Amino acid sequence: MADTQSSTQQPEYPENIDAAVLKIAGVVILGVIMSILDITVVNVALPTFQEEFGSAEDPLAYSHVAWTVTAYTLALATVIPVTGWAADRFGTKRLFIVAIGLFTAGSVLCAAAQDINQLIAYRVLQGLGGGMIMPLGMTIMTRAAGPNRMGRLMAILGIPMLLGPILGPIIGGWLIENASWHWIFLINLPIGIVTVIYAWRALPGDRPEPSESFDVVGMLLLSPGLALFLFGVSSIPEKGTFADPRVWVSMLVGALLMLAFVWHSFRPEHPLLDLRLFRNRELTISVIVMFLFVAAFFGSLLLVPTYFQQVRGESTLNAGLLVASQGIGAMVTMPIAGRLTDRIPIGRIVPFGILGILVGMFPLTQITSETDYWKIVLALFVMGLGMGGTMMPMFTAALKTLRHHEVARGTTLININQQIGSSVGVAVMSVLLTNWLPPQRIWYAVVGSWDNPELVPQLGGQRVIDAFLADAGEAFASTFWVAWVLMLLTLIPVAFLPRRREKVLVLDTEDATVPPAH
């Protein structure tokens, strides 16, 4: 029966990307753009929130305002593990529409927030919707594409994933400067309405599988464990050390809960997160590569715009425009890498992407407070070329080996891995940069002297300020060295990626076995 079904459904996957698949991709891209842009746009708005919700008599601490980011991240971590089960239970189309609705409603409430605590609470609602969008989108795209077109279609999905962090500061800076902070959330309302209508009309109905029981014990272990671990990691930049109890206690308890989940996950027939998928060698190697890659990439991603703003005195909008060359580079190579992924083994593509990133990032390890902008922009463009040849091919390699019923659980696993890797990378780079920069009190005074020249004599004159800026440039260079070495280490698991063409599985088969280790 399964063989018959597979054979009859094979013709549904033509060689070329057809209009029907592009319609589905359009729905997913709209949702992904909303969720990813929102993260980077809010990062830009943190100083504005301090001014808006605080006062001269009672200023808001940056750590308090940063909870608008942390709360969203923790909500993501809580809901992602449940998404795979919910997609099988209720269907991806219905759940995707619910996720977009939750995210849009949370956006409107955020725009209406009267104080910082309300804003934090509404960001949780946003995160519950946003956390489901990416894994559901990947599941929908994977099932629509079929194994032979997945590389090209995932390359389309990869564009908003890479452009979001780059366009976010540009859009956020423009909206805050020309409108108000409310519009960084209100802009999601029309996009959300269009996406819901588009999804209702364009997404195919899928058959829910309500036979699988919900793993309650797994949820009580994994979701709180993941949230606590990421809470501890997210607290590192604020506390400046791993030794603070809020950091290490949260991380320890979270890690113990996740280890307990690992032990538990092999007991039920349908665990919340199916770790049996790691019997697939190619999936396992891809997950390891992606963890190292996103830790190095997302960790370094925050450094360049921060350098432009805090060392070179550029506005948020100008900093966003200067880093746009990275996205342009990714747009050049991502469609090419997607097409190649469908034709040649992943082990012959990803190494060149990683090497491109290493070549592009190396000049940033030599950065100073006076480095020519054209050198930085060129380095970012080369990094973008490398990223376009790395990120989505890795997603594709992992998902190609999954059978139809495993896709939802596999995308959940990949998204959790990406969330942990990026959070760890950002936290590590933030702590290192903070510790290597001049003392915070002096540094704020130096940055403030750009708009208030009266502070220059109080700081010892322009020569002293230039010395502080030179030290800051060295701090950024040292942090880029750490990101460069971490990216270099990625080449170790990359060496184990398959270099010979292997037979891909038919995504529609109902065979419930896990693909054997290669």
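A crossing of two helices is termed left-handed if the near helix is turned anticlockwise from the far one by less than a right angle, and right-handed if it is turned clockwise. In the predicted model described here, helix H2 passes helix H9 in a left-handed crossing, whereas helix H15 passes helix H18 in a right-handed one.

The protein as a whole is built with 23 helices and 0 strands. Of its 518 residues, 56% count as buried, and the surface that the protein exposes amounts to about 21,500 Å², of which 65% is supplied by carbon and sulfur atoms. Among the contacts in the protein with a sequence separation of 6 or more, 84% are accounted for by residues that lie 24 or more positions apart.

Two packed helices are described by the angle between their axes and the distance between the axes. For helix H2, which spans residues 19–53, and helix H9, which spans residues 188–202, the packing angle is about 155° and the axes are 10 Å apart. Because angles over 145 degrees are counted as roughly antiparallel, H2 is roughly antiparallel to H9. On the side of H2, the contact is made by Leu22, Lys23, Ile24, Gly26, Val27, Leu30, Gly31, Met34 and Asp38; H9 contributes Asn188, Ile191, Gly192, Val194, Thr195, Tyr198, Ala199 and Ala202. Sorted by class, the residues of this contact comprise 10 nonpolar, 5 polar and 2 charged.

Ile24, one of the H2 residues in that contact, also provides a reference point for Gly137, since the C-alpha atoms of Gly137 and Ile24 are 9.4 Å apart in space although the two residues are separated by 113 residues in sequence. Gly137 is placed in helix H6, residues 116–145, and its relative accessibility is 0%, so that Gly137 counts as buried. When neighbours within four places in sequence are left aside, Gly137 is in contact with Val28 and Phe96.

A second residue, Leu317, is located in helix H14, residues 316–322. With a relative accessibility of 19%, Leu317 counts as buried, because the cut-off for this class is under 20%. Between Leu317 and Val44 the C-alpha to C-alpha distance is 9.5 Å, while the separation in sequence is 273 residues. Apart from neighbours within four places in sequence, Leu317 is in contact with Ile170, Trp174 and Glu177.

Two further helix pairs were examined. The axes of helix H15 (residues 324–341) and helix H18 (residues 391–400) come within 9 Å and cross at roughly 25°, which makes H15 roughly parallel to H18. In this pair, Met334, Ala337 and Thr341 of H15 meet Met392, Pro393, Thr396 and Lys400 of H18, and the contact has 4 nonpolar, 2 polar and 1 charged residues. For helix H12 (residues 281–301) and helix H13 (residues 303–310), the packing angle is about 15° and the axes are 5 Å apart, and H12 is therefore roughly parallel to H13. Here Gly299, Ser300 and Leu301 of H12 meet Leu303, Val304 and Pro305 of H13, in a contact that has 4 nonpolar, 2 polar and no charged residues.

Methods. Residues are numbered from 1 along each chain as its sequence is written. This is a predicted model: local features need pLDDT of at least 70, side-chain atom pairs count only at pLDDT 80 or more; totals for chains, interfaces and linings use all residues. Side-chain values use heavy atoms; hydrogens and water are left out. Axes are lines fitted to C-alpha atoms, for helices over the stretch in contact, and angles run from 0 to 180 degrees between N-to-C directions. Helices (H or I, at least four residues) and strands (E, at least two) are DSSP runs, numbered from the N terminus. Angles under 35 degrees count as roughly parallel, over 145 as roughly antiparallel, 65 to 115 as roughly perpendicular and the rest as oblique. Contact means heavy atoms within 4.5 Å. Ala, Val, Leu, Ile, Met, Phe, Trp, Tyr, Cys and Pro count as nonpolar, Asp, Glu, Lys and Arg as charged, and the others, Gly among them, as polar. Buried means under 20% relative accessible area, exposed over 50%, partly exposed in between (1.4 Å probe, protein chains only). Accessible areas come from the Shrake-Rupley method with a 1.4 Å probe; for residues, only the protein chains shown count as cover.
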